[in-house]
Amino acid sequence: MRKCISSKDNQQLKYYSSLHDARKASKADLAYIEGVRLCEDCLNSGVKPSVIFFTSKMNECVDKWMHIYSLDDSIDFYELTEECFSKLASTVNPQGIAMFIKKSDCNVRSVNEEKSLPVRDGKNIYVVLENL
């Protein structure tokens with residue numbers, strides 16, 4: 001179910017914005033992913049988000065993801081105003097879409113042990129996450 005947040009004083013928005021602090025995010029077992037490509041790479045890896053935040057201009061993208069990745073009501077969807085999204089965003093020019101994933105849902109593998117790496121445009125994808 002989609003919920004709308006139009007106030008920067010919303011408690012959910014304040015909570016998730018506070019998770020940019022590494023200690024709080026680690027304690028909550030959550031990682032922040034922002035932008036279309038990073039979110040899609042995460043979804044392509046099979047990780048389901050806990051929550052997705054988006055602006056109205058990203059409605060079609062969210063609809064597409066719901067269909068392609070079979071996203072259901074177990075995920076919280078929040079449509080934010082541009083002003084509210086800028087409070088959540090960690091980039092200078094946000095695209096208007098972000099998600100939080102549970103770190104414990106991620107399967108960390110050694111590149112040396114991996115037999116089939118994810119591929120995009122014919123090239124292997126390597127993701128290095130630091131200080132999560």
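These legends go with a few views of a predicted model.

**View A. The whole chain, with its helices and strands.** Start with the overall tally: the chain holds 5 helices and 7 strands. Walk along the sequence and you meet them in the order β-α-α-β-α-β-α-β-α-β-β-β. So much for the parts list; the next views get into how things pack.

**View B. Surface and burial across the chain.** Of the 132 residues here, 34% are buried. The chain exposes an accessible surface of about 8500 Å², and carbon and sulfur atoms own 48% of that area. As for contacts, take those in the chain with a separation of 6 or more: 78% of them link residues 24 or more positions apart.

**View C. Strand 5, mostly under cover.** Zoom in on residues 97-102, which make up strand 5. This strand is mostly covered, with 5 of its 6 residues buried. Two pairings of strand 5, with strand 2 and with strand 3, get their own views below.

**View D. Strand 2 against strand 5.** Strand 2 spans residues 30-34 and runs antiparallel to strand 5. The two are joined by 5 bridges. For a landmark, pick out Leu30, whose bridge partner in strand 5 is Lys102.

**View E. Strand 3 against strand 5.** Here strand 3, residues 51-55, also pairs with strand 5 in antiparallel fashion. This time 4 bridges hold the pairing. Look for Phe53 in this view: Ala98 of strand 5 is its bridge partner.

Technical notes
Residues are numbered from 1 along each chain as its sequence is written. This is a predicted model: local features need pLDDT of at least 70, side-chain atom pairs count only at pLDDT 80 or more; totals for chains, interfaces and linings use all residues. Side-chain values use heavy atoms; hydrogens and water are left out. Buried means under 20% relative accessible area, exposed over 50%, partly exposed in between (1.4 Å probe, protein chains only). Contact means heavy atoms within 4.5 Å. Accessible areas come from the Shrake-Rupley method with a 1.4 Å probe; for residues, only the protein chains shown count as cover. Two strands pair if DSSP finds at least two bridges between them.
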